[in-house]
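Me: Please take one single spot in this model and look at it closely. Then work outward from there, in short steps I can follow.

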Amino acid sequence: MNTQDFDFHLPEELIAQTPLEKRDSSKLLVIDHKNHTMVDSHFDHILDELNPGDALVMNNTRVLPARLHGEKSETHGHVEFLLLKNTQDDQWEVLARPAKRLHVGTEISFGDGRLTATIVQELDHGGRIVEFHYDGIFLEVLESLGEMPLPPYIHEKLEDQERYQTVYAKENGSAAAPTAGLHFTQELLEKIEAKGVKLVYLTLHVGLGTFRPVSVNNIEDHEMHSEFYQLSEEAAQTLRQVKASGGRIVAVGTTSIRTLETIGNKFSGDIQADSGWTNIFIKPGYEFKIVDAFSTNFHLPKSTLVMLVSAFAGREFVLEAYKHAVDKHYRFFSFGDAMFVK
């Protein structure tokens, strides 16, 4: 299949620039691919889509203030880093600008020298491996110097940085938020749990794949970037029990889907505690092994995320749903509205 097969018209004014005042007041498009139906709803009605005995699986990663602005120690030229993943000790993979001027051995200073970095390896697409030098605890230094790495299509300043975190964010490590989870409030989660739905958490630290567009014509030629995931024994046991009792595994967002399906592939459809790196690319033709339904936001045209949703619900029906969302003025992307796919 070609990347062009997943394109659709998206007016720029539908790209949400700021979050709504109340997290769960966004719209929700419920699509049932088996019956080929769509229903316009509101996100707090997701409660109606969940059944007692289901498991709601959420990604509890927490976004780092991963964007750093500094200067080259020699020339004082401006440098921007986006931290992607911790590779070892104080070494990180970063997206660097301007990368062409940052070679092995180059030193960069941040915050009047409170944090410095040395380029140790050059990667493709503006990537670099850097080693940081600092006094104290790295995450505390980063909190004081870094900025929240909002996606490039958001141009408005975010007044409350916590609105780019889920209410259940816990494990530091992401370069971007698992945005499908931004709609949940503690109150809504309590109602879901009171209905008899199991709340289960896993971790996938969102990395470069979120920022990299599909640049090839044939989707088979696209390579996904690896991201770290973890599922605990307690979570795996709960999910096995839900499956065994006939409940559904309902994933929140594509990051949860990719983690669960990585584990399903690794263990032949079984759910085991596991951690590691995944570069799974879910596209039409893929057979789902774990996930029975999911909520997600509306994604970029020609993105791997539209391809993932299409693998579950069918490309033509998904593009039909996206056209409906555009016609009904749904809000798109990170701070936008959601869909529930079953």
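Reply: Start at Asp 112, which is exposed, with a relative accessible area of 85%. It earns that label because the value is over 50%. Keep in mind that this is a predicted model. Asp 112 sits in the loop between β8 and β9, and β9 covers residues 115–122. Its backbone is worth a check too. Phi of Asp 112 is near 55°, a positive value, and the residue is not glycine. Most residues other than glycine have a negative phi.

Now follow the strands on either side of that loop. Strands β8 and β9 both belong to a barrel of six strands. The order around it is β5-β6-β7-β10-β9-β8, with antiparallel pairing. From one strand to the next, the twist averages 45°. Strands of a sheet pair through backbone hydrogen bonds.

Take one pair from that barrel. Strand β7 spans residues 91–97, and strand β10 spans residues 127–134. Five bridges join the two, in the antiparallel sense. One residue to find on β7 is Trp 92, whose bridge partner in β10 is Val 130.

Next, step off the end of β7. Pro 98 is in the loop between β7 and β8, where β8 covers residues 107–110. The peptide bond from Arg 97 to Pro 98 is cis, with omega near -5°. Most peptide bonds are trans.

What about the nonpolar cores? The largest has 66 residues. Within this core, Tyr 164, Leu 239, Leu 260 and Phe 332 touch the most other members. Pick Leu 260 as an example. Leaving aside neighbours within four places in sequence, Leu 260 is in contact with Val 57, Leu 202, Leu 239, Ile 249, Ala 251, Ile 290 and Val 291. Another core, of 24 residues, lies apart from the largest one. Trp 92, already met on β7, is among its members, and so are Leu 84, Phe 110 and Phe 138.

Phe 332 leads to the aromatic rings. The model has 21 aromatic pairs. In one of them, Tyr 286 and Phe 288 meet edge-to-face, 5.1 Å centre to centre, with 90° between the planes. Tyr 286 is buried at 17% relative accessible area. Phe 288, at 21%, counts as partly exposed. The cut-off explains the split: buried means under 20%.

Phe 298 and Tyr 322 are also edge-to-face, at 5.4 Å and 80°. Phe 298 lies in the loop between β16 and α6, while Tyr 322 lies in helix α7, so this pair ties together parts that are 24 residues apart in sequence. Both rings are buried: Phe 298 is at 1% relative accessibility, and Tyr 322 is at 0%.

This pair is part of a cluster. Ring pairs link Phe 298 and Tyr 322 with Phe 8, Tyr 153, Tyr 330, Phe 332 and Phe 333. Phe 332 is thus a name to mark twice, in the cluster and in the largest core. Over the face of Tyr 330 lies Lys 27, at 4.4 Å from the ring centre.

End with His 329, a good match for the starting point. His 329 lies in the loop between α7 and β17. Its phi is near 60°, again a positive value in a residue other than glycine. His 329 counts as exposed because its relative accessibility is 55%.

Notes. Residues numbered from 1 in each chain as written. Predicted model: local features only at pLDDT ≥ 70, side-chain atom pairs only at ≥ 80, totals over all residues. Heavy atoms only, no water. Core = buried A, V, L, I, M, F, W, Y, C linked by side-chain atoms within 4.5 Å. Buried < 20%, exposed > 50% of the residue type's maximum accessible area, 1.4 Å probe, protein only. Contact = heavy atoms within 4.5 Å. Pairing = 2+ DSSP bridges. Helix = DSSP H or I, 4+ residues; strand = E, 2+ residues; numbered from the N terminus. Axes fitted to C-alpha atoms, helices over the stretch in contact; angles between N-to-C directions. Phe/Tyr/Trp six-rings, centres within 6.5 Å; stacked < 30°, edge-to-face > 60°. Lys NZ or Arg CZ within 6 Å of the ring centre and 35° of its normal.
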